[in-house]
Amino acid sequence: MRRGTKFVVGSIIVVMLTSLLLFSGQPGTSTGAVIDPWGNREVLNYLFWTAYDVKLSADIIKLQKDLGLSDAAMAELKQYGMEEGQRLMGIELVPDTGETAATAEAANVRGAAVFATIDEETKETLGIEYPAFRTWIQTWWQEETIYRQNWIKEQEDAANKTDAAT
């Protein structure tokens, strides 16, 4: 496979994964309403465990600085992110057309329990900083969503230019 083709294929994979994580099943995105991803998305897993990304690395530093979190608290949040991903692995939170309503509801209940556990652990770790953390996450998620939408468009534009040139 040529180098350019590998880049395009890799970009497409990143775009698909990012799109699934950020945009699938979010109520209110078309109305411009503020989306609170907490308890509905793998926020900590996305922030701390997405494949190396310069922006996300800077966002982690910004989180720590903005809230004045200790290195120990950040390490715990990172651990919760890993656990969040591991605990949700294999749980389909959105009913698939082939599932029965009971199967879909059971998966949603398991997913909600995972998010509730992560929330409790985060509250315990952050203490009085928890409300500021939640506000930070909501703002960050909105900004991240816009950033990734623009990033996807740039990748598509670059791929189209490359295709046109060959």
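Biologist: Happy to look at this one with you! How much accessible surface does the protein have, and what share of it belongs to carbon and sulfur atoms?

Modeller: Welcome! This is a predicted model, so every value here is computed from it. Carbon and sulfur atoms account for 59% of the accessible surface, and the whole surface comes to about 10100 Å².

Biologist: Which elements make up the protein, and how many of each are there?

Modeller: From the N terminus on, the order reads α-α-α-α-α-α. That leaves zero strands, and the count of helices is six.

Biologist: What percentage of the residues count as buried?

Modeller: The cut-off for buried is under 20% relative accessible area. Of the 166 residues in the protein, the part that passes is 33%.

Biologist: Among contacts between residues at least 6 apart in sequence, what percentage join residues at least 24 apart?

Modeller: A contact here requires heavy atoms within 4.5 Å. Taking the contacts between residues at least 6 apart, the part joining residues at least 24 apart is 71%.

Biologist: Which residues touch the most other members of the largest nonpolar core, and which element gives the largest share?

Modeller: This core has 24 residues, and L63, L77, F133 and W140 touch the most other members. Two or more residues come from each of α2 (43–49), α3 (54–67), α4 (71–88), α5 (101–126) and α6 (130–165). The largest share is six residues, and the element giving it is α6.

Biologist: Which residues of the other core can you name?

Modeller: Nonpolar side chains tend to be buried together in soluble globular proteins. Apart from the largest core lies another one, of five residues. Among them are L88, I91, V114 and F115.

Biologist: What does F133 contact, once its neighbours within four places in sequence are left aside?

Modeller: F133 belongs to the group that touches the most other members of the largest core. Leaving those neighbours aside, its contacts are W38, L44, L63, L67, L77, T122 and L126.

Biologist: What kind of aromatic pair do W38 and F133 form?

Modeller: The search of the whole structure finds six aromatic pairs. For W38 and F133, the distance is 5.3 Å centre to centre and the planes are at 85°. Planes over 60 degrees apart fall in one class, and for this pair the class is edge-to-face.

Biologist: How many residues apart are W38 and F133, and are they buried or exposed?

Modeller: W38 lies in the loop between α1 (3–23) and α2, whereas F133 lies in helix α6. The pair links distant parts of the chain, 95 residues apart. As for their surroundings, W38 and F133 are both buried.

Biologist: Why is the pair of Y46 and W141 classed as it is, and which helices does it tie together?

Modeller: The ring centres are 5.8 Å apart and the planes stand at 65°, so the pair is edge-to-face. Both Y46 and W141 are buried. Y46 and W141 are 95 residues apart in sequence, and the helices tied together are α2 and α6.

Biologist: Which residues do ring pairs link into a cluster with Y46?

Modeller: Y46 pairs with W141, as we just saw. Ring pairs link Y46 into a cluster with W136, W140 and W141.

Biologist: Which rings do the charged end of K55 and K78 lie over?

Modeller: The charged end of K55 is 5.1 Å from the centre of the ring below, that of Y147. K78 is 4.9 Å from a ring centre, over the face of W49.

Biologist: Where do R134 and D36 lie, and how far apart are the N and O of their salt bridge?

Modeller: The structure holds eleven salt bridges. R134 is in helix α6 and D36 in the loop between α1 and α2, so this pair ties together parts 98 residues apart in sequence. R134 counts as buried at 17% relative accessibility, while D36 counts as partly exposed at 25%. From N to O, the distance is 2.3 Å.

Biologist: Which helices does the salt bridge of E121 and R87 tie together?

Modeller: The side chains of E121 and R87 meet at 3.4 Å, N to O. R87 counts as partly exposed, with 30% relative accessibility. The two residues are 34 apart in sequence, and their helices are α5 and α4.

Notes
Residues are numbered from 1 along each chain as its sequence is written. This is a predicted model: local features need pLDDT of at least 70, side-chain atom pairs count only at pLDDT 80 or more; totals for chains, interfaces and linings use all residues. Side-chain values use heavy atoms; hydrogens and water are left out. Helices (H or I, at least four residues) and strands (E, at least two) are DSSP runs, numbered from the N terminus. Buried means under 20% relative accessible area, exposed over 50%, partly exposed in between (1.4 Å probe, protein chains only). Accessible areas come from the Shrake-Rupley method with a 1.4 Å probe; for residues, only the protein chains shown count as cover. A nonpolar core is a set of buried Ala, Val, Leu, Ile, Met, Phe, Trp, Tyr and Cys residues joined through side-chain atoms within 4.5 Å. Rings of Phe, Tyr and Trp (its six-membered ring) pair if their centres lie within 6.5 Å; planes under 30 degrees apart count as stacked, over 60 as edge-to-face and the rest as tilted. A charge sits over a ring if NZ of Lys or CZ of Arg is within 6 Å of the ring centre and within 35 degrees of the ring normal. A salt bridge is a side-chain nitrogen of Lys or Arg within 4 Å of a carboxyl oxygen of Asp or Glu.
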